[in-house]
Amino acid sequence: MSKVLIIGAGGVGRVTTFKCAQHPEVFTGIMLASRTKSKCDVIAADVREQLGYQAIETAAVDAENVPELVALIRAYQPELVIHVALPYQDLTIMDACLETGVHYLDTANYEPKEEAKFEYSWQWAYQDRFKEKGILAILGCGFDPGVTSIFTARAAKHFFDEIHYLDIVDANAGDHGKAFATNFNPEINIREITQKGRYWENGQWIETEPHEIMKVLNYPDIGPKNSYLIYHEELESLVKNFPTIKRARFWMTFGDEYLTHLRVIQNIGMAGIEPVMHKGMEIIPLEFLKSVLPDPGDLGENYTGETSIGCRVRGIKDGQEKTYYIWNNCSHEAAFKETGAQGVSYTTGVPAMTGAMMLLTGKWGGTGVKNVEEFDPDPFLDVLGKHGLEWHEAENVDLEL
Ligand code: NDP
């Protein structure tokens, strides 16, 4: 009997719930809870109707309120909480898991609301308390972070004695037909991509201006795309867990139109996170902007094209330098057909469910706080393709980097 509590009913929550419900042999019950219960009810109705999965309940919860979370966990008694709401709630949900002795899994590291800054220190600080309680926190189990970290673990386990250079490459060659939209929560997304770039080289972080470094990279089945160096959270844990890495960078594709909109949004102050007065009320510009931008959950219907995310690795095996590329391509259309959500939600929700399955079936275990690359990558990657995210690999190819 493995019941799970899924928190968050956005695009990622929808996919995670669908994928768990496709495996009733593991997920014997699902409680889907979020701030707005009606959104959970819509997903639950779809899961019942389309998959015939009836063991699903819904609830309203404020995931920033620990006593509310504790009451819900005690009433439902899940084995695991899958947190796919927002990064602001990581710590309150971890607190509730500690109080109730329930395992925890998320897809994004903690970020304080008042500062656009994300790092693992806050969550790593729970290490001893999770160990003492005998429970496990699995951090960053989406695609990036998540599968990219597990791809790196596979490279280290099977293909290299030492990884020296790691480039994570993330292309979205999809077209949703909107002038400007973000593929996941606009507030979190804009905070992430407007900050300074950062990469790891020779034992230190090098900072760049936002989008200062660009290279044209070729992606499988997609072709050439302008790819910009940005900071991404898995770099922090990967350089810690694979200390032979001399340089680690993250590249993401952006179209010119997207960057122009982003520049305007920033220049006119709409990306601000400090409160401003509007008609006698304090509002936060970025929160207001979120309310007028398309809901990422609604992009799926006319979304065409693919995402392609992978790791390009250079290092040493048996004294010889070699290269290795491992990647997944995901079709927005296929994702929508299966779950009613677009590819970015799909590539996050499938790994979240797969990580949960690893824990509940005993393939991943232990106690404390762990990033996903600390687990055995093999059982996870053995089933990822069957769950909808087929992956490919090639050795000794031109990495372009
Ligand atoms: P959405 O904005 O679509 O959904 C977020 C959900 O969280 C909404 O249902 C929202 O409720 C709910 N929520 C927000 N605040 C609270 C709260 N205080 N209490 C309870 N519920 C709350 O986001 P996405 O589905 O696109 O993304 C979800 C998460 O996935 C984010 O953390 C994002 O960073 C992460 N992500 C990770 C990726 C990866 O590869 N690792 C890639 C993409 C996303 P309401 O509807 O009421 O607003």
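**Questions on two domains, a ligand shell and two unusual residues**

Mentor: D221 sits in the loop between β10 (214–219) and β11 (223–230). The model is predicted.

Trainee: What makes the phi of D221 stand out?

Mentor: Its value is near 65°. Most residues other than glycine have a negative phi. D221 is a residue other than glycine, yet its phi is positive.

Trainee: What kind of peptide bond joins D144 and P145, and how do you know?

Mentor: Look at omega, which is about 10°. The bond between D144 and P145 is cis. Most peptide bonds are trans.

Trainee: Where does P145 lie?

Mentor: In the loop between β6 (136–139) and α7.

Trainee: Why is α7 called oblique to α14?

Mentor: Start with the value. Helix α7 (residues 147–159) and helix α14 (residues 377–384) pack at about 120°. Their axes are 10 Å apart. Roughly perpendicular covers 65 to 115 degrees, and roughly antiparallel needs over 145. The angle fits neither class, so α7 is oblique to α14.

Trainee: Is the crossing of α7 and α14 left-handed or right-handed?

Mentor: Left-handed.

Trainee: Which residues of α7 and α14 meet?

Mentor: α7 brings I150, A153, R154 and K157. α14 brings P377, F380 and L381. In this contact, five residues are nonpolar, none is polar and two are charged.

Trainee: How do α1 and α2 cross?

Mentor: At roughly 35°, with the axes of α1 and helix α2 (residues 37–51) coming within 10 Å. The crossing of α1 past α2 is right-handed. From α1, the contact uses G13, R14, T17, F18 and A21. From α2, it uses I43, V47 and L51. By class, that gives five nonpolar, two polar and one charged.

Trainee: What are the domains here?

Mentor: Domain 1 spans 3–139. Domain 2 takes in 147–341 and 388–395. Their centres, over C-alpha atoms, are 24 Å apart.

Trainee: How many residues of each domain take part in the contact?

Mentor: Domain 1 gives 14, and domain 2 gives 14. On the domain 1 side, helix α1 (residues 11–21) supplies the largest share, five residues. That side of domain 1 has eight nonpolar, three polar and three charged residues.

Trainee: What makes a residue count as near the ligand, and how many surround it?

Mentor: The C-beta atom, placed from the backbone, must lie within 6 Å of the molecule. In this model, 34 residues surround the ligand. G10, A63, A85, G142 and F184 are the closest.

Trainee: How do you know which domains the shell around the ligand draws from?

Mentor: Count the residues by domain. Domain 1 and domain 2 each give at least three residues to the shell. Helices take part too: α1 and α13 (343–360) each supply at least two.

Trainee: What classes of residue does the shell around the ligand have?

Mentor: There are 15 nonpolar, 14 polar and five charged residues. Gly counts as polar, so G10 and G142 fall in the polar class.

How values were computed:
Residues are numbered from 1 along each chain as its sequence is written. This is a predicted model: local features need pLDDT of at least 70, side-chain atom pairs count only at pLDDT 80 or more; totals for chains, interfaces and linings use all residues. Domain bounds come from an automatic or database domain assignment. Two residues are in contact if their C-beta atoms, placed from the backbone, lie within 7 Å. Helices (H or I, at least four residues) and strands (E, at least two) are DSSP runs, numbered from the N terminus. Axes are lines fitted to C-alpha atoms, for helices over the stretch in contact, and angles run from 0 to 180 degrees between N-to-C directions. Angles under 35 degrees count as roughly parallel, over 145 as roughly antiparallel, 65 to 115 as roughly perpendicular and the rest as oblique. A crossing is left-handed if the near helix is turned anticlockwise from the far one by less than a right angle, and right-handed if clockwise.
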